[in-house]
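Welcome, and thank you for taking a look at this protein. Please open the sequence and the structure, and let us walk through them together.

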Amino acid sequence: MGRKSLVFGSFVADIMARAPHLPAPKETVMGHGFKIGPGGKGFNQAVAAHKAGADVKLVTKLGTDHFAEIAENTMEQLGMDRSGVFVTEECDTGCALILVGEDSGQNEIVVVPGACLTFSEPEVETVKRLTEEEGCDSVLMQLETNSGAVYDVAEHAALNGKRVILNPAPAAAVPEHVWKWIDIVTPNEVEAEYYTGIPVCSGESAEEAAQWFHRRGVRHVIITMGDSGAYLSVNGAGQMVPPFCVTAVDTTGAGDAFNGGLLAALSEGKDLTQAVVFASAAAALSVGRIGTAPSMPEREEILSLLKTVRK
């Protein structure tokens with residue numbers, strides 16, 4: 001186990017249903033396999049990092065309802081540090097409505113962040129202090145909490161010499177000055193197009209999109225591209241990192257598995273190329289299972305897959 005890490009992000013209860021295919025507008029589809037479980041980008045990524053071997057603390061915010069119990073029980077079962085969890089009686093715990101089409105493994109998701117959009121100024125100050133804890137090397141964030149809190153924590157962490165990783169999802173407007181605080185940005189191809197205006201469908205277009213982030217001060221860019229692999233640009237020098245060959249059952253949470261795996265790999269001293277390969281293995285394993293947080297692989301599974309031949 002290497003350096004400590006902090007994940008600042010959302011918890012939502014995943015309310016998932018599976019159907020033969022995703023419904024078209026106005027279409028009703030008979031589904032099955034209804035399930036409620038732990039989720040949220042921050043929670044998923046923290047679980048992924050923890051199971052991949054990282055010493056990670058999750059900072060999130062819950063209500064006092066049944067959904068909050070799902071988070072607390074899951075963290076207790078996994079042996080995760082719960083000292084960074086805030087609780088409010090003024091707002092419900094967030095939830096996500098997830099539909100998965102069995103014909104493709106693809107999904108449609110609506111997120112209602114709930115309590116995670118209510119981080120107060122005193123709570124944000126506490127988060128900043130947590131980034132200063134001895135041994136904390138990296139801070140990973142997303143955009144499912146109130147945006148001002150994310151930007152404040154990013155600036156504070158960067159000014160204090162921490163590695164700041166932003167998974168800019170769900171895609172949302174980010175002020176121009178915020179990018180300079182980001183060491184590593186990890187959009188998927190859809191999110192990369194949202195920010196840059198460049199359709200990402202190849203290594204060449206991924207490189208063009210990566211340069212957009214570099215021009216705004218981001219040092220390293222990782223664009224995940226599903227079964228095409230990932231594009232990694234280190235200080236402007238780019239390469240495609242091939243994926244692992246797997247059969248997708250449920251792609252929900254694949255990006256979170258990737259980000260959590262990336263954080264774990266970096267925390268133990270892997271370079272960016274090695275870390276992206278490790279993260280790709282974590283993501284590949286996750287899509288072979290149903291669900292989000294429950295689908296995150298154990299470290300031993302990732303190490304085993306790393307011994308196989310990629311595409």
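Is L130 buried or exposed? L130 counts as buried because its relative accessibility is 13%, where buried means under 20% relative accessible area, exposed means over 50%, and partly exposed lies in between (1.4 Å probe, protein chains only).

Before we go on, a word on what you are viewing. This is a predicted model, in which local features need pLDDT of at least 70 and side-chain atom pairs count only at pLDDT 80 or more, while totals for chains, interfaces and linings use all residues. Residues are numbered from 1 along each chain as its sequence is written, and side-chain values use heavy atoms, with hydrogens and water left out.

Let us begin with the whole protein. Its secondary structure comes to nine helices and 13 strands; these are DSSP runs numbered from the N terminus, with helices being H or I of at least four residues and strands being E of at least two. The C-alpha atoms fill a box of roughly 50 × 45 × 40 Å, taken along the principal axes. The radius of gyration is 18 Å, which agrees with a compact globule, because for 311 residues such a globule would have a value near 19 Å. That radius is taken over C-alpha atoms, and the globule rule is 2.2 Å times the number of residues to the power 0.38.

Of the 311 residues, 53% count as buried. On the outside, the protein exposes about 13,100 Å², and carbon and sulfur atoms supply 52% of this area; the areas come from the Shrake-Rupley method with a 1.4 Å probe, and for residues only the protein chains shown count as cover. As for contacts (heavy atoms within 4.5 Å), 67% of those with a separation of 6 or more join residues 24 or more positions apart.

Now let us step inside. In soluble globular proteins, nonpolar side chains tend to be buried together. A nonpolar core is a set of buried Ala, Val, Leu, Ile, Met, Phe, Trp, Tyr and Cys residues joined through side-chain atoms within 4.5 Å. The largest one here has 49 residues, and F43, I222 and V276 have the most contacts inside it. The elements that give two or more residues to this core are helix 1 (41-51), strand 4 (55-62), helix 2 (66-78), strand 12 (230-234), helix 7 (254-267), helix 8 (272-286) and helix 9 (299-305). Helix 8 supplies the largest share of this core, eleven residues. Apart from this core lies another, of 40 residues, with L6, L130, A206 and F213 among them.

L130, our starting point, is found in helix 3 (residues 121-131). Leaving aside neighbours within four places in sequence, L130 is in contact with L6, K57, V59 and C136. K57 and C136 also appear among the contacts of S5, together with D55, V56, S138, L263 and S267, again without neighbours up to four places away. S5 lies in strand 1 (residues 4-8) and counts as buried at 4% relative accessibility.

Next, find G261 in helix 7. G261 is buried, with a relative accessible area of 1%. Not counting residues up to four places away in sequence, G261 touches F278, A279 and A282.

Follow the chain to V287, in the loop between helix 8 and helix 9. V287 counts as buried at 9% relative accessibility. Beyond neighbours within four places in sequence, its contacts are V246, T247, A248, V249, D250, T251 and A254. The C-alpha atoms of V287 and Q106 are separated by 10.0 Å, although these residues are 181 apart along the chain.

Finally, look at the backbone in three loops. Most residues other than glycine have a negative phi, and most peptide bonds are trans. K26, in the loop between strand 2 (12-19) and strand 3 (32-39), has a positive phi, near 75°. K26 counts as exposed, at 88% relative accessibility. N235, between strand 12 and strand 13 (237-241), also has a positive phi, near 50°. N235 counts as exposed at 54% relative accessibility. Which form does the peptide bond from A169 to P170 take? This bond is cis, with omega near -5°, and P170 is found in the loop between strand 9 (163-166) and strand 10 (184-185).
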